[in-house]
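Me: I am new to this structure and should be grateful for a close look at a single part of the model. Please explain how one helix packs against its partners.

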Amino acid sequence: MESVVLYPSPGMGHLISMVELGKLILKHHPSFSITIFIVTPPYNTGSTAPYLARVSSTIPSITFHHLPTISLPLDSFSSPNHETLAFELLRLNNPNIHQALVSISNNSSVRALIVDCFCTAALSVAAQLNIPFYYFFTSGACCLASFLYLPFIHQQTTKSFKDLNTHLHIPGLPPVPASDMAKPILDREDKAYELFVNMSIHLPRSAGIIVNTFEALEPRAVKTILDGLCVLDGPTSPIFCIGPLIAADDRSGGGGGGGGGMGHLISMVELGKLILKHHPSFSITIFIVTPPYNTGSTAPYLARVSSTIPSFTFHHLPTISLPLDSFSSPNHETLAFELLRLNNPNVHQALVSISNNSSVRALIVDSFCTTALSVAAQLNIPCYYFFTSGACCLASYLYLPFIHQQTTKSFKDLNTHLHIPGLPPVPASDMAKPILDREDKAYEFFLNMFIHLPRSAGIIVNTFEALEPRAVKTILDGLCVLDGPTSPIFCIGPLIATDDRSGGGGGGGVLHQEQ
């Protein structure tokens, strides 16, 4: 038997990413078995047990191997960045990794050990056992290019990024303000910086780097990496672009899901934190939708956030039933759109109730909650979209109604490239799965959402202008919406969930209101 071992760092986000990678491997190599190592940290990252049980029950070829719990030395907690704890925890796990790999090797041929970036220390274990070692880099090629180039920048200066009043010129990227680099590497004196530089040095020493992107999305960054321009002191590992790799909904044993899923909830909580950072006198109410299908328990996460951020309130909307014909579409997004449409009366009632005690400054919704625009309009409340993907994705969605008018064919049947303003040519068959079939109800829902995006008070986008300058400028110039004005867009990224120990995480519809 042939097997692949996946090794994520602790936390639900890392685990879901590795499970999705495991599914992709099994799709192409159904005879393989997948073993995923589970690290139990000595700090709270939330329960993964229900998720593991769902995956195990639906995908027999995936096995979860729980590593022994270890203790962290007290000095591990001295860094203000929790990433330091993750690196140290995973370094101390090397003996357990060695033992587990030897055990698995007794029964099967281990074709590869695939780790996320925090598990760099396991490279030495794989080398001892002659097992090919790959990184799974869940961010895009632009981010990968910056990390591959980090050791060279480190050699060129003795200052911390936070103290550099300059732009960094990273191959394959537009100029990036030094202060916009990831928070854990801003301070050169922090242990986290040292660990990330070490990880960046080891990235090109692996057997390969699996990247969650596709070449047509980031052609410049991908080409720059492949040309070896980001690693100046040796060869660059092969890179494998496998994106977009997206978690399936929890009903199929996957990750997120529309309307009520943890991924949407986490995104909204992080946006709420950002609002409070700039407007500490505001209070935030987040509407929680309970769908009539399983998306996993959010209760522990909600309790953590409520206990650490008093300005947050979670308002549970009444549970509603879905008509049976809602389940006819093969795309679960159809259920999410329909569920949220049927929730409009509950949203109206909740907003009226909140308005009795405070001035509601805005209703901020994710893309599935499009029908709530009409409720906000009735109550004269400004309604904004929170678009958690980047500007390139937003440009394609804004332009889709125009493409819809130009053809009667489904994307899946179009053997051509789409020329979307601000983007490189995109093969029609590479469009998001729910909109590939024009006859599917999901396509109709998404098209309606795309039409309404520019009718909102504004679109909040999880990107920053220097990362996607061409796409951002194209949207701002109104080139993606041809039949009217484009809503203002607000680039607020990179907005990243903090670890669960600080009550970070979550999403759903967010209401931003004045105290």
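Reply: The following account concerns helix H14 and the helices that it meets.

The model is predicted, so local features are described at pLDDT of at least 70 and side-chain atom pairs count only at pLDDT 80 or more, while totals for chains, interfaces and linings use all residues. Residues are numbered from 1 along each chain as its sequence is written, and side-chain values use heavy atoms, with hydrogens and water left out.

Helices here are DSSP runs of H or I with at least four residues, numbered from the N terminus. H14 spans residues 391-406 and H15 spans residues 441-452. Their axes come within 8 Å and cross at roughly 115°. An axis is a line fitted to C-alpha atoms, for helices over the stretch in contact, and angles run from 0 to 180 degrees between N-to-C directions. The crossing angle makes H14 roughly perpendicular to H15, a term that covers 65 to 115 degrees. H14 passes H15 in a left-handed crossing, meaning that the near helix is turned anticlockwise from the far one by less than a right angle.

Which residues in H14 meet H15? They are Tyr397, Leu400, Pro401 and His404, and their partners in H15 are Tyr443, Leu447, Met449, Phe450 and Ile451. Contact means heavy atoms within 4.5 Å. By class, the residues of this contact comprise 8 nonpolar, 1 polar and no charged. In this scheme Ala, Val, Leu, Ile, Met, Phe, Trp, Tyr, Cys and Pro count as nonpolar, Asp, Glu, Lys and Arg as charged, and the others, Gly among them, as polar.

H14 also packs with helix H16, which covers residues 469-476. Here the angle is about 35°, and the axes are 8 Å apart. The crossing of H14 and H16 is left-handed. On the H14 side, the contact involves Ala391, Cys392, Leu394, Ala395 and Leu398. These residues meet Ala471, Val472 and Ile475 in H16. The contact of H14 with H16 holds 8 nonpolar residues, with no polar and no charged ones.

To summarise, H14 meets H15 through residues that include Tyr397 and His404, and H14 meets H16 through residues that include Ala391 and Leu398. The angle is roughly 115° for H14 with H15 and about 35° for H14 with H16.

Notes. Helix = DSSP H or I, 4+ residues; strand = E, 2+ residues; numbered from the N terminus. Parallel < 35°, antiparallel > 145°, perpendicular 65-115°, else oblique.
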